[in-house]
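Trainee: Before I use any of these labels in my notes, I would like to go through the reasoning behind them with you.
Mentor: Then let us take the labels one at a time and set each against its criterion.

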Amino acid sequence: MKPSKVSKSSSHVRNRTRTVKMTSTAHGLTSQAGLIPVVKYLDRIGFEKTVKQSVPHRRGENADHHLSDVVLLTLVGMMGGATSMAKVTTVWADSVLRKVAGWIKIPVETTILRIFKEVSDRQISQFETLTHTLRGQHWRRLLRSGKSKTGIQSVQWVDVDSTVDTVCGRQEGSAKGFNPKKKGARSYHPQLAFLAETKEILQASDILIQTKLI
């Protein structure tokens, strides 16, 4: 994969992805070193380029960070156990991880949130399409390598399940309903569709179920 071009405005916050040799006797690695294969894989498949093509998002000419940047940072951060934007930046505080990914300067939490707030309803739909595009690419790679034929099977089993996500305060879209852990608390009630064979989430939607609490 050819390295993507870096604009002059962002050249001082990020370098090209570095090749780092890993051995079992290496010193100075932190708890986030396990994310190195993830970063290298995303770079190899051209993840950021695919995000830019699938979800166009323009920012100012002097902007250091863009939507594709914060999507990558957030994805890797979540895989590293982050449950908030503050913790995403904590994950990327790892100097080894930043060096592998070519980052010189990581955006602060408020910058990440501000960029995500710029996302429109249309772009949210484009993100959904992006997910299906990436899944299709992955299935084709598995098929070519002979590791899986999931992408060409004529019959697929899909499991649908729901869960309850309790929220604090009156968050938009939340409602009082069935909540086995905190009765009477407001929550979201997302439904998830899984591919039975691989346990991949194919679709997710949030539904509101209003029930009378007795």
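Trainee: What makes strand β1 and strand β4 a pair, and in which sense do they run, parallel or antiparallel?
Mentor: In this predicted model, β1 (residues 158-162) and β4 (residues 186-195) are joined by five bridges in the antiparallel sense. Pairing requires at least two bridges, so the five bridges between β1 and β4 satisfy the criterion. Within this pairing, S162 has Q191 of β4 as its bridge partner.

Trainee: How do you know that strand β2 also counts as paired with β4?
Mentor: Strand β2 (residues 165-166) is joined to β4 by two bridges and runs antiparallel to it, and because the requirement is at least two, it qualifies. The bridge partner of D165 in β4 is Y188. Strand β3 (residues 175-176) is likewise antiparallel to β4 with two bridges, and K176 stands opposite R186 of β4.

Trainee: Why is H57 called buried?
Mentor: H57 has a relative accessible area of 18%, and since buried means under 20%, H57 is called buried. This residue is found in the loop between α2 (47-54) and α3 (67-79).

Trainee: What makes the link between the side chains of H57 and E118 a polar contact?
Mentor: The side chains of H57 and E118 are joined at 2.8 Å, and the cut-off for such a pair of N or O atoms is within 3.5 Å, so the term polar contact applies. Leaving aside residues up to four places away in sequence, H57 touches L67, I115, E118 and Q123.

Definitions and conventions:
Residues are numbered from 1 along each chain as its sequence is written. This is a predicted model: local features need pLDDT of at least 70, side-chain atom pairs count only at pLDDT 80 or more; totals for chains, interfaces and linings use all residues. Side-chain values use heavy atoms; hydrogens and water are left out. Helices (H or I, at least four residues) and strands (E, at least two) are DSSP runs, numbered from the N terminus. Buried means under 20% relative accessible area, exposed over 50%, partly exposed in between (1.4 Å probe, protein chains only). A polar contact is a pair of N or O atoms within 3.5 Å; within protein, one must be able to donate a hydrogen and the other to accept it, and residues adjacent in sequence count only if both atoms are side-chain atoms. Contact means heavy atoms within 4.5 Å.
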